[in-house]
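This briefing describes one protein chain, with attention to a single helix and to selected residues in and beside that helix. Please read it alongside the sequence and the coordinates.

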Amino acid sequence: MTAPAAYNAMLLGAFGNKSAIGETIIKMTPLILTGLSFALANRCGLINIGAEGQLYVGGLAAVAVAL
């Protein structure tokens, strides 16, 4: 498989139809929020607990707010 064909397959897998687009959004949302949590802590000059820990604490906080 050549490089252009591989990139084409990757794009079709992520954005090829409505279902693929929805799955891509579902899977990228926690990663985007993790990056934002790191950026916010860094801009405030706070010691952060690491991106993975921030993801877990953010999930726990979302559940606490929802309850």
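**Helix 2 in a predicted model**

Helix 2 spans residues 18-44, a run of 27 residues, and extends 38 Å from its first C-alpha to its last, close to the 39 Å expected at 1.5 Å a residue. The model is a predicted one. The points below begin with the chain as a whole and then return to helix 2, its ends and its residues.

**Overall architecture**

- The secondary structure of the protein chain consists of 3 helices and 0 strands.
- Read from the N terminus, the order of elements is α-α-α.
- The radius of gyration of the protein chain is 17 Å, well over the 11 Å given by the globule rule for 67 residues, so the chain is more spread out than a compact globule.
- Along the principal axes, the C-alpha atoms occupy a box of roughly 45 × 30 × 15 Å.
- Of the 67 residues in the protein chain, 9% are buried.
- The chain exposes an accessible surface of about 5,500 Å², and carbon and sulfur atoms account for 73% of that surface.

**Course and ends of helix 2**

- At Met28, helix 2 bends by about 30°, and the proline Pro30 follows within four residues.
- The N-terminal end of helix 2 is capped by Asn17, which places a side-chain oxygen 3.3 Å from the backbone nitrogen of Ser19.
- After helix 2 comes Gly45, which has a positive phi, near 75°.

**The capping residue, Asn17**

- Asn17 lies in the loop between helix 1 and helix 2.
- With a relative accessibility of 45%, Asn17 counts as partly exposed, because the partly exposed class lies between the limits of 20% and 50%.
- Besides its contact with Ser19, the side chain of Asn17 reaches the backbone nitrogen of Ala20 at 2.7 Å.
- Asn17 and Gly58 are 41 residues apart along the chain, and their C-alpha atoms are separated by 30 Å.

**Buried positions of helix 2**

- Which residues of helix 2 are buried? They are Ala20, Thr34 and Ala41.
- The cover over these buried residues includes helix 1 (3-15) and helix 3 (51-66).
- Ala20 thus appears in two roles: it is one of the buried residues of helix 2, and its backbone nitrogen is reached by the side chain of Asn17.

**Thr34 and Leu33 compared**

- Both residues belong to helix 2, as given for Thr34 and for Leu33.
- Is Thr34 buried or exposed? Its relative accessibility is 11%, so Thr34 counts as buried, the cut-off being under 20%.
- Leu33, at 51% relative accessibility, counts as exposed, because that class begins over 50%.
- Not counting residues up to four places away in sequence, Thr34 touches Ala51, Gln54 and Leu55.
- Within the chain, the side chain of Thr34 also reaches the backbone oxygen of Pro30 at 2.7 Å; Pro30 is the proline that follows the bend at Met28 within four residues.
- The C-alpha atoms of Leu33 and Gly13 are separated by 23 Å, with the two residues 20 apart along the chain.

Definitions and conventions:
Residues numbered from 1 in each chain as written. Predicted model: local features only at pLDDT ≥ 70, side-chain atom pairs only at ≥ 80, totals over all residues. Heavy atoms only, no water. Expected span 1.5 Å × (residues − 1). Bend = angle between axes of the 7 residues up to and from the residue. Buried < 20%, exposed > 50% of the residue type's maximum accessible area, 1.4 Å probe, protein only. Contact = heavy atoms within 4.5 Å. Polar contact = N/O pair within 3.5 Å; in protein donor to acceptor, adjacent residues only side chain to side chain. Rg over C-alpha atoms; globule rule 2.2 N^0.38 Å. Areas by Shrake-Rupley, 256 points an atom, 1.4 Å probe, with all protein chains shown as cover.
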